[in-house]
Amino acid sequence: MEKQAASLYTRKIFIKFQEELVETLANPATKIDDSGTITTYRVAKFGENQKSHIVTFNSFEMKASCSCQMFEYSGIICRHILAVFRAKNVLTLPSQYVLKRWTRNAKTGVLLDEHASGLPSSSRESVTVRYNNLRQEAIKYVEEGAKSIKTYHVAMKSLQEAGKKISAMKNQSTGTAEGATVANGGMGGLLAGDEDVPSYQTVAEKQKKIQELTAELEITNQRCEVYRANLLAVLRDMEEQKLKLSVKVQNARLSLKE
């Protein structure tokens, strides 16, 4: 999810998103209600349950709403919803939470998905939904299949059969594509009739690659700094909670002696 956000958001927005993502480590989500596709969670920072927020998650539509309403006001997804995504094992950011105005391509009106940049627009927008729906279904049947040895064997057999069907379909698609290439004389024949295409990188291409790697390194360094700062904050909070609990235990012991 973090890599996906880095490829979509502007640098400024990505840093804000990253801060919210790191904060999920200190804000665990606790399930308080489950009504089929709708699940409700309470999200609060360690030791601050009185400041909790309520998140409602729809697993079918892959949508969540939080009582803090940060996304509605700023357009940036909050740590509370991200904590629920972590609890539900949602690995990619649903497309409805990536607002075009915060993306690198906002001015051009193009919003690319790193997993589907080569697909038509309609397919590109729904690939994340398809992925999350398949994952949710798989998790559901895995949980049911693990309950007994009989359901385990049934689930395993079904998964293996599904895997064979998917492989067969992929092989069929690959064979069709290769046949079309051969029928047209092959890619090499087409290129040979036009002009020589250099197989080496030009100086400009190498410089561009160096710039891309340098920018990625800079983002990684910033990411490490954010992680370090937030982890230190979490450790400080845990130490404070530990100290408060120690004081309470000591006072309880003194009261018992009296």
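Is Thr24 buried or exposed? In this predicted model, Thr24 is buried, its relative accessible area being 5%.

## Surroundings of Thr24

Thr24 occupies the loop that connects helix 2 with strand 1. Leaving aside neighbours within four places in sequence, the contacts of Thr24 are Arg79, Leu82, Ala83 and Arg86. With a cut-off of under 20% relative accessible area for a buried residue, the 5% of Thr24 places this loop residue in the buried class.

## Overall architecture

Eight helices and four strands make up the secondary structure of the chain. Read from the N terminus, the elements follow the order α-α-β-β-β-β-α-α-α-α-α-α. Of the 258 residues in the chain, 25% are buried. Among contacts between residues at least 6 apart in sequence, 54% link residues at least 24 apart.

## The four-stranded sheet

The four strands assemble into an open sheet with the order 1-2-3-4 and antiparallel pairing. Strand 1 (29-35) and strand 4 (63-66) are the edge strands, each pairing on one side only. From one strand to the next, the twist averages 20°. Helix 4 (residues 79-87) packs on this sheet and touches strand 1, strand 2, strand 3 and strand 4. The direction of helix 4 makes about 50° with that of strand 3.

Strand 1 and strand 2 are joined by six bridges in the antiparallel sense. One pairing across these strands sets Asp34 against its bridge partner Thr39 in strand 2. The two strands form a hairpin with two residues between them, and Gly36 in the turn has a positive phi of about 80°. Strand 2 (residues 38-43) also runs antiparallel to strand 3 (residues 53-58), to which six bridges join it. Here Arg42 stands opposite Ile54 of strand 3. Pairing of this kind rests on backbone hydrogen bonds, in either a parallel or an antiparallel arrangement.

## Helix 2 and the nonpolar core

Helix 2 (residues 11-23) has 13 residues, which at 1.5 Å a residue should span 18 Å. The C-alpha atoms at its ends are 19 Å apart, in agreement with that expectation. The buried residues of helix 2 are Ile13, Phe14, Phe17, Gln18, Glu20, Leu21, Val22 and Glu23. In general, an α-helix has 3.6 residues a turn, so residues three or four places apart point the same way.

The largest nonpolar core contains 29 residues, and those touching the most other members are Tyr9, Phe17, Ile77, Ile81, Phe85 and Leu93. At least two core residues come from each of helix 1 (2-8), helix 2, strand 2, strand 3, strand 4 and helix 4. Helix 4 supplies the largest share, five residues. Once neighbours within four places in sequence are set aside, Ile77 is in contact with Phe17, Glu20, Met70, Phe71, Leu82, Phe85, Leu93 and Tyr97.

## Residues with positive phi

Most residues other than glycine have a negative phi. Met62, although not a glycine, has a positive phi of about 55°. Met62 belongs to the loop between strand 3 and strand 4, and this residue is buried, with a relative accessible area of 1%.

Gln69 is likewise a residue other than glycine with a positive phi, near 55°. Gln69 lies in the loop between strand 4 and helix 3 (70-74). At 36% relative accessibility, Gln69 counts as partly exposed, whereas Met62 is buried.

## Cysteines without a disulfide

Why do Cys66 and Cys68 not form a bond? The sulfur of Cys68 is 3.4 Å from the closest cysteine sulfur, in Cys66, which is too far for a bond. A disulfide would require the two sulfur atoms to be within 2.5 Å. The structure accordingly holds zero disulfides, and Cys66 takes part in none.

The two cysteines fall into separate accessibility classes: Cys66 is buried at 7% relative accessibility, while Cys68 is partly exposed at 23%.

How values were computed. Residues are numbered from 1 along each chain as its sequence is written. This is a predicted model: local features need pLDDT of at least 70, side-chain atom pairs count only at pLDDT 80 or more; totals for chains, interfaces and linings use all residues. Side-chain values use heavy atoms; hydrogens and water are left out. Buried means under 20% relative accessible area, exposed over 50%, partly exposed in between (1.4 Å probe, protein chains only). Two strands pair if DSSP finds at least two bridges between them. Axes are lines fitted to C-alpha atoms, for helices over the stretch in contact, and angles run from 0 to 180 degrees between N-to-C directions. Contact means heavy atoms within 4.5 Å. The expected span of a helix is 1.5 Å times one less than its number of residues. A nonpolar core is a set of buried Ala, Val, Leu, Ile, Met, Phe, Trp, Tyr and Cys residues joined through side-chain atoms within 4.5 Å.
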